[in-house]
Amino acid sequence: MSIWWSLHLRREAASVPLARRLLLGTMETAGVDPDVSYDLSVALSEACANAVEHGGDTAHGGCSEAYRVTAYLDGEKCRIEVADSGPGFTAERPAPAPVRMSAEAEHGRGLFLIQELADHVHIGNKPGRVGAVVSFDKILKWRKDAPLIAV
């Protein structure tokens, strides 16, 4: 079984729950274990929130009004990519390291949460273009009654 979808979303806070609901609906329909679905939906929300907050580069005339979310459920793994049109990372502005923040912190916890909830995380630039990409994978577990279970 293989399912994938891609969304082109406006950099607005209202886009974050839309992406999360689509991911949760896809995984529920496929029969993914609810705990795994929840972990991935939280990680996706954090990645989208980062794209909304940091993914623009209006100072350099870049296209900063949108970002892209792509999800792949392929076999026993789910891979999610969130790509923005911001400045990306440079030697002067390197990708931030995921660090543990206090539970009360309102900013700075996103990458740490993604790292904790996913099995593999990659943070970098879009190849050959402007913008950052956060991608993460997680091995899927299935409900016993899963209609689209991988074989």
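The sheet at the centre of this presentation is open and has 5 strands in the order β1-β2-β3-β5-β4, with antiparallel pairing; two strands count as paired if DSSP finds at least two bridges between them. Its edge strands, β1 and β4, each pair on one side only. On average, neighbouring strands are turned by 10° against each other, direction ignored. For all such angles, axes are lines fitted to C-alpha atoms, for helices over the stretch in contact, and angles run from 0 to 180 degrees between N-to-C directions.

Before I continue, please note that this is a predicted model, in which local features need pLDDT of at least 70 and side-chain atom pairs count only at pLDDT 80 or more, while totals for chains, interfaces and linings use all residues. Residues are numbered from 1 along each chain as its sequence is written, and side-chain values use heavy atoms, with hydrogens and water left out.

Let me turn to the overall layout. The chain has 3 helices and 5 strands, where helices (H or I, at least four residues) and strands (E, at least two) are DSSP runs numbered from the N terminus. Along the sequence they follow the pattern β-α-α-β-β-α-β-β. Within the sheet, β2 and β3 run antiparallel and are joined by 7 bridges; one residue concerned is R68, whose bridge partner in β3 is A83.

Two helices pack on this sheet. Helix α1 touches β1, β2 and β3, and its direction makes about 170° with that of β1. Helix α2 touches β2, β3 and β5, and its direction makes about 175° with that of β5. Contact here means heavy atoms within 4.5 Å. Of the contacts in the chain with a separation of 6 or more, 65% are between residues 24 or more positions apart.

I come now to the interior. Of the 151 residues of the chain, 44% count as buried; buried means under 20% relative accessible area, exposed over 50%, and partly exposed in between, with a 1.4 Å probe and protein chains only. The largest nonpolar core holds 38 residues, and those touching the most other members are L40, L44, Y67, V69, I80, V82 and F136. By nonpolar core I mean a set of buried Ala, Val, Leu, Ile, Met, Phe, Trp, Tyr and Cys residues joined through side-chain atoms within 4.5 Å.

Which element supplies the largest share of this core? It is α2, with 9 residues. At least two core residues also come from each of several other elements, including α1 (15–30), β2 (66–74), β3 (77–83) and β5 (132–139). As general background, nonpolar side chains tend to be buried together in soluble globular proteins.

Helix α3 has buried residues as well, namely G110, L111, F112, I114 and L117. Their cover includes α2, β4 and β5.

One residue of α2 deserves a separate word. S41 lies in that helix, and at 0% relative accessibility S41 counts as buried. Leaving aside residues up to four places away in sequence, S41 touches R20, L23 and L24. The C-alpha atoms of S41 and P17 are 9.4 Å apart, although 24 residues separate the two along the chain.

My next topic is charge pairing. The whole structure contains 6 salt bridges, each defined as a side-chain nitrogen of Lys or Arg within 4 Å of a carboxyl oxygen of Asp or Glu.

Which parts of the chain does the pair D39 and K138 link? These two residues form a salt bridge with their closest N and O atoms 3.7 Å apart. The pair connects distant parts of the chain, since D39 is in helix α2 and K138 in strand β5, 99 residues apart. D39 is partly exposed at 22% relative accessibility, whereas K138 is buried at 12%.

A second salt bridge joins the side chains of E12 and R10, at 2.9 Å from N to O. Here E12 is partly exposed, with a relative accessible area of 38%, and R10 is exposed, at 52%. The side chains of D145 and R143 meet in another, at 3.0 Å from N to O; D145 is exposed at 57% relative accessibility and R143 partly exposed at 24%. In addition, K77, R79, E81 and D137 are linked in a network of salt bridges.

I close with the surface. The chain exposes about 8500 Å², of which carbon and sulfur atoms supply 55%. Accessible areas come from the Shrake-Rupley method with a 1.4 Å probe, and for residues only the protein chains shown count as cover.
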